[in-house]
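Biologist: I should like to learn how to read the local features of a structure. May we go through them one at a time?

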Amino acid sequence: MGIAVGIDIGGTKVAFGFVDEKGGVLAKGSLKTDLSVSPGEMITRIADAVKQLAEQNGLSFSDMKGIGVGAPGPLDTQNGKLTCPPNLKSWWDFPVVEALKSQLPLPIKMENDATAAALAEKWLGAAQDSDHFIFITISTGIGAGIYLHGKLLTGSTGNAGDAGHMIVDPAGGVCTCGQAGCWEWIASGTAITRQATELLGRDVTSKEAFQLAAQGDSQMSELVDRVFTYIGMGCVSLINILDPDKIVIGGGVSQVGEPLFAAVQSYVSKYALNPSGRQTAIVPAQLQQDAGLIGAAALIQQSY
Ligand code: ADP
Ligand code: ZN
């Protein structure tokens, strides 16, 4: 009856599953995103895997309300396409929603993955008590989902919240998008890895960079402090423009925990323009496991 299918399409894997009206994951699976096959073939694999999972769990499609799809931007939710996500080049302009619809007999809603994750944090996570918040994921890139006045803000084509390409420092180098100084070019997990590797002259992961900083390495401490400041700057711009009462931060880099949240909270408390903005709570996301899948299912289970 009240079951939603969630499908989270990513550059490395596709997570899918069945989620009930309370957010419980009834069954789930995942597939490697195989970029050597066409997106049409990948959609067939996903649809087959979803059908098989339903069968194995004794679920029928007549029990299901619809399919929610979370996908990386840039995309075009009006036409059900991914337009030009950098990690899924072979999918550019492919009509994902139409292809899925031809194989699975259910209504489909698709949104940007960060937008879907914001809805999941509202539903079951760190933003349940808030009607005005921003969800930020600091991971391979940086993305945001915006929830204001009790509603998701998606924009005309589903691309609202592409905060990773907001400029924080034009002198910081040219981003993969071609513009100089983007937030994600300077403060994402990929950016931390790149800068740490350049500084130490050997391969260093973002996690190791934080560990070295915690052990007192001066170059890594400087890098980490700089990155925290840049994360704070991005948050202040978002606070000044959108006036949320809370910012929820998730993604791999947020695993660093307290040092990051304390530094960003401190930056915001100094530089947000309005006194109320300076008190914006900066909190960790609560949905870690299955966040993408639950976010996708939230598009069906929650009104937005
Ligand atoms: P995805 O971007 O595929 O959603 P993640 O949210 O796990 O994946 O983000 C991956 C990025 O986060 C990588 O750049 C990685 O270096 C960084 N990262 C993952 N875990 C940690 C950690 N514990 N500490 C710092 N950085 C991390
Ligand atoms: Zn950019």
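Modeller: The discussion below takes up a metal site, aromatic rings, a helix and some backbone angles in turn. Please keep in mind that this is a predicted model.

Biologist: Which protein atoms are the donors of the zinc ion (ligand 2)?

Modeller: The donors are ND1 of His165 and the SG atoms of Cys175, Cys177 and Cys182, at 2.0 to 2.4 Å from the zinc ion (ligand 2). Along the chain, these donors follow the spacing H-x9-C-x1-C-x4-C.

Biologist: Why is the arrangement around the zinc ion (ligand 2) tetrahedral?

Modeller: The general reference is the ideal angle for four tetrahedral donors, 109.5 degrees. Here the 4 donor atoms subtend angles of 105 to 116° at the zinc ion (ligand 2), and therefore the arrangement is tetrahedral.

Biologist: Are cysteine 177 and cysteine 182 buried or exposed?

Modeller: Cysteine 177 is partly exposed, at a relative accessible area of 45%. Cysteine 182 is buried, and its value is 0%.

Biologist: How many aromatic pairs does a search of the whole structure find?

Modeller: The search finds 4 aromatic pairs. One of them is formed by tryptophan 91 and phenylalanine 94, and it is edge-to-face, with 6.3 Å centre to centre and 80° between the planes. Both partners are buried: tryptophan 91 has a relative accessible area of 0%, and phenylalanine 94 has one of 18%.

Biologist: Why is the pair of phenylalanine 210 and phenylalanine 228 stacked?

Modeller: In general, a pair of aromatic rings is described by the distance of the centres and the angle of the planes. The planes of phenylalanine 210 and phenylalanine 228 stand at 20°, with the ring centres 5.9 Å apart, so this pair is stacked. The pair links distant parts of the chain, since phenylalanine 210 belongs to helix 6 (residues 206-214) and phenylalanine 228 to helix 7 (residues 218-242), 18 residues apart. Phenylalanine 210 is buried at 10% relative accessibility, and phenylalanine 228 is buried at 6%.

Biologist: What sits over the ring of tryptophan 185?

Modeller: The charged end of arginine 194 does, at 3.7 Å from the ring centre.

Biologist: How should one read the buried residues of helix 6, and which are they?

Modeller: An α-helix has 3.6 residues a turn, so residues three or four places apart point the same way. In helix 6 the buried residues are Ser206, Ala209, Phe210, Leu212 and Ala213. Viewed down the axis of helix 6, they fall within an arc of 160° and therefore line one face. Lys207 and Ala214 are exposed on the other side of helix 6. The buried residues of helix 6 pack against helix 5 (189-200) and helix 7.

Biologist: What does leucine 238 touch, leaving out residues up to four places away in sequence?

Modeller: Leucine 238 touches Ile134, Ile136, Ala163, Met166, Trp183, Asp243 and Pro244. This residue has its place in helix 7 and is buried, at 7% relative accessible area.

Biologist: Which peptide bond is cis, and which residues other than glycine have a positive phi?

Modeller: Most residues other than glycine have a negative phi, and most peptide bonds are trans. A cis peptide bond joins glycine 73 and proline 74, with omega about -10°. Proline 74 lies in the loop between strand 4 (64-71) and strand 5 (75-76). Aspartate 93 has a positive phi near 65°, and aspartate 290 has a positive phi of about 60°. Aspartate 93 is in the loop between strand 6 (81-82) and helix 2 (96-101), whereas aspartate 290 is in the loop between strand 12 (281-284) and helix 10 (291-301).

Definitions and conventions
Residues numbered from 1 in each chain as written. Chains lettered and ligands numbered in written order. Predicted model: local features only at pLDDT ≥ 70, side-chain atom pairs only at ≥ 80, totals over all residues. Heavy atoms only, no water. Donors = N, O, S within 2.8 Å, 3.2 Å for Na, K, Ca; no water. Tetrahedral: all angles 85-135°; square planar, octahedral: opposite > 155°, others 65-115°. Buried < 20%, exposed > 50% of the residue type's maximum accessible area, 1.4 Å probe, protein only. Phe/Tyr/Trp six-rings, centres within 6.5 Å; stacked < 30°, edge-to-face > 60°. Helix = DSSP H or I, 4+ residues; strand = E, 2+ residues; numbered from the N terminus. Lys NZ or Arg CZ within 6 Å of the ring centre and 35° of its normal. Arc of directions from axis to C-beta. Contact = heavy atoms within 4.5 Å.
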